[in-house]
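Colleague: Could you take me through the open sheet in this protein, strand by strand, along with what packs on it? I would enjoy a close look at that one part.

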Amino acid sequence: LQQTGTGLSSIGEIIITADGKITASLITDYTKKDSDVESAVKEIRENLKAITSKVIGTSEVTLNDYDAEGNRLVRNQAAVIGNFCADAYRTVTGADIGLVQGGGVRAPIKKGEVTYGDMIAVNPWANSLGVVEATGQQILDALEHGAKSAPDEDGGFLQVSGLTYDMDTTVPPTVKTDENGMFIEVSGPRRVCDVKVNGQPIDPAKTYTVASTLYILTQQGDGFTMFKGAKEI
């Protein structure tokens, strides 16, 4: 297996010789090119650039996904770019809560003009945005599932809007998942605590509206099974 990066950024080449030796490399450019294909690619890129270079706003600060030491932020702690995405989900939909899995946040937003292409770089997926009705208990389970690996990285770590929570990583994780990493239950003490929605303690029995990608809400991506069957708004 040769990892090639996101968005066809390179081609992976693996060579297996007759005596069983294996070498792997990444190809990002090559000299022998078909002129017709190269011309078509150039035209497509120019058309895309006309769209992605459009300025859609400005940012007064840089919204980082990595810290100054090169540590990724979005998969094990609250990060300003994750908060921004979750705020956007909640603002656009009017939901009580916005949730974004850290693994879905793939780029920073730099201070200054922000283009449409910058936004695509942050969320380069074909996921759709949705809203479901979920109980406070389902939300608590989702937060616990997202925090199960911290301080290690987990693509399912949740960036949030409309709620706050504390996470005690000295509490051993008690989330149970099946062989495919799908959430089953929390079997013991919880590491997520002091959860508040709009400044008020979350009510496990209350129904809240939750905005996120359908990857989480309906497709059980990253193992988020607790929202399965939730009413879609």
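Modeller: Happily! The protein has five helices and 14 strands, where helices (H or I, at least four residues) and strands (E, at least two) are DSSP runs numbered from the N terminus. This is a predicted model, in which local features need pLDDT of at least 70, side-chain atom pairs count only at pLDDT 80 or more, and totals for chains, interfaces and linings use all residues. Residues are numbered from 1 along each chain as its sequence is written, and side-chain values use heavy atoms, with hydrogens and water left out.

Now to the sheet. Five strands form an open sheet with mixed pairing, in the order S7-S4-S13-S6-S14. Its edge strands are S7 (158-161) and S14 (231-232), each pairing on one side only; two strands pair if DSSP finds at least two bridges between them. In general, strands of a sheet pair through backbone hydrogen bonds, either parallel or antiparallel. At the S7 edge, strand S4 (residues 97-101) runs antiparallel to S7 and is joined to it by four bridges. Within that pair, Gly98 has Ser161 of S7 as its bridge partner.

Two helices lie across this sheet. Helix H2 (residues 80-93) lies across S4, S6 (129-135), S7 and S13 (207-213), at about 50° to S7. Helix H4 (residues 136-146) lies across S4, S6, S7 and S13 too, running at about 115° to S6. For these angles, axes are lines fitted to C-alpha atoms, for helices over the stretch in contact, and angles run from 0 to 180 degrees between N-to-C directions. Contact means heavy atoms within 4.5 Å.

Towards the S14 edge, have a look at Gln220, which sits in the loop between helix H5 (214-217) and S14. Is Gln220 buried or exposed? Gln220 counts as buried because its relative accessible area is 16%; buried means under 20%, exposed over 50%, and partly exposed in between (1.4 Å probe, protein chains only). Leaving aside residues up to four places away in sequence, Gln220 touches Met182, Tyr215, Thr225 and Lys228.

To set the sheet in its wider frame, buried residues make up 35% of the 233 residues in the protein. Among contacts with a separation of 6 or more, 66% come from residues 24 or more positions apart. The C-alpha atoms fill a box of roughly 65 × 50 × 40 Å, taken along the principal axes.
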